[in-house]
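Here's a walk through one chain, written for someone who'd rather see cut-offs than adjectives. Take a look at the sequence and the model first.

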Amino acid sequence: MKIHLKIWRQDSANVQGKMVDYDLDNLSPDMSFLEMLDYLNEQLAAKGERTVEFDHDCREGICGQCALVINGQPHGPEDHYTTCQTHLRTFKDGDTIYIEPFRAKAFPVIRDLKVDRGSFDRIIQAGGYISAMTGRAPEANSIPVHHHIAESAFDSAACIGCGACVAACKNSSAALFTSAKISHLVKLPQGQVERSERVVMMVNQHDDEGFGSCTHTGECAAVCPQEVGLDNIARMNSEYNKAVCALDQ
């Protein structure tokens with residue numbers, strides 16, 4: 001199959017970028033989207049041209065590194081897929097495909113399709129941890145956790161931090177990411193020690209990084225490859241309000 005690509009090329013965060021056209025043929029419909037970019041880069045390298053830079057790692061939908069906006073949608077046209085799980089059979093022979101980086105003030109472009117998502121790391125560093133006693137390992141059954149609570153916490157922990165929620169949000173809010181990390185810990189007994197401090201520090205860091213406010217349009221959950229739910233945002237807001245009220249007393 002043949003594909004016409006329009007790819008965002010940008011040398012660095014400080015220079016203007018632009019869309020550049022490429023034509024590829026002899027592509028297999030079973031080729032993954034990232035394999036298609038590899039194929040393009042092989043051709044560019046053979047001609048002595050600079051290759052297209054993009055993030056990737058596991059290529060199994062687990063690590064959250066692949067972060068492309070494909071035809072205006074984070075991760076592409078298939079619901080709840082990552083970019084690396086997208087295959088060319090999703091498109092038609094002769095299609096024109098637009099490929100851009102995740103765009104947000106808090107995700108500055110490094111080069112081409114690579115963005116700096118270090119802001120997510122700093123939100124986690126602000127409070128995404130628990131206190132644990134050192135010394136002997138605790139007895140496994142000393143902290144009972146009901147099965148449905150463990151499953152619910154796991155659903156929140158499923159967030160892979162890809163940033164698609166930010167790219168899809170008209171406000172570039174990272175509320176879904178931040179709330180999933182807060183909810184994961186607040187549901188478990190191990191997360192109760194820093195419960196109030198955690199939500200205040202992580203929400204404040206979210207705002208300091210330049211992410212926008214959540215207005216509950218739900219675009220974030222619609223594109224999330226792990227189907228993290230909006231109930232996490234409601235829980236974060238509740239936890240934040242309770243923590244702030246307690247601090248004011």
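What follows goes from the whole chain down to its helices, cores and a few odd backbone angles.

This is a predicted model, so to speak with its own filters: local features need pLDDT of at least 70, side-chain atom pairs count only at pLDDT 80 or more, and totals for chains, interfaces and linings use all residues. Residues are numbered from 1 along each chain as its sequence is written, and side-chain values use heavy atoms, with hydrogens and water left out.

**The whole chain**

The chain has 8 helices and 7 strands; these are DSSP runs, numbered from the N terminus, with helices (H or I) of at least four residues and strands (E) of at least two. Its C-alpha atoms fill a box of roughly 65 × 40 × 35 Å along the principal axes. Of the 249 residues, 45% count as buried, where buried means under 20% relative accessible area, exposed over 50%, and partly exposed in between (1.4 Å probe, protein chains only). Take the contacts (heavy atoms within 4.5 Å) between residues at least 6 apart in sequence: 69% of them join residues at least 24 apart.

**Helix 1 and its cover**

Helix 1 covers residues 33–46, and its 14 residues should span 20 Å at 1.5 Å a residue; the end C-alpha atoms are 20 Å apart, so that agrees. The expected span here is 1.5 Å times one less than the number of residues. Its buried residues are F33, L34, M36, L37, L40, N41 and L44. They take up an arc of only 150 degrees around the axis, which puts them on the same side of helix 1; the arc is that of the directions from the helix axis to the C-beta atoms. On the face turned away from that buried side sit the exposed residues E42 and A46. The cover over the buried residues includes strand 1 (3–9), strand 2 (18–24), strand 3 (68–70) and strand 5 (96–101).

**Two cores**

A nonpolar core here is a set of buried Ala, Val, Leu, Ile, Met, Phe, Trp, Tyr and Cys residues joined through side-chain atoms within 4.5 Å. Which residues touch the most other members of the largest one? Those are F107, V166 and F211, in a core of 35 residues. Elements giving two or more residues to this core are helix 2 (118–127), helix 4 (164–168), helix 5 (175–186), helix 6 (195–208), helix 7 (219–223) and helix 8 (231–248). Helix 5 brings the largest share, 5 residues. A second, separate core has 27 residues, including W8, L44, I70 and C84.

Back in the largest core, F211 is in contact with A106, F107, S119, F120, I123, V166, S172, S173, A174 and H206, leaving aside neighbours within four places in sequence.

**Helices 5, 6 and 8**

The axes of helix 5 and helix 8 come within 8 Å and cross at roughly 70 degrees. That makes helix 5 roughly perpendicular to helix 8. Axes are lines fitted to C-alpha atoms, for helices over the stretch in contact, with angles from 0 to 180 degrees between N-to-C directions; under 35 degrees counts as roughly parallel, over 145 as roughly antiparallel, 65 to 115 as roughly perpendicular and the rest as oblique. At this crossing, A175, L176, T178, S179, A180, I182, S183 and V186 of helix 5 meet N232, I233, R235, M236 and E239 of helix 8.

Helix 6 also passes the length check: its 14 residues should span 20 Å, and its end C-alpha atoms are 20 Å apart. Its buried residues, R198, V199, V200, M202, V203 and H206, pack against helix 2, helix 5 and helix 8.

In the loop between helix 5 and helix 6 you'll find P189, partly exposed at 36% relative accessible area. P189 is in contact with I143 and V145, leaving aside neighbours within four places in sequence.

**Positive phi**

Most residues other than glycine have a negative phi. Here are some positive ones.

| Residue | Place | Phi |
|---|---|---|
| G48 | just after helix 1 | about 75 degrees |
| G210 | just after helix 6 | about 95 degrees |
| H80 | loop between strand 4 (73–74) and strand 5 | near 60 degrees |
| H216 | loop between helix 6 and helix 7 | about 55 degrees |

Neither histidine is buried: H80 is partly exposed at 25% relative accessible area, while H216 counts as exposed at 51%.
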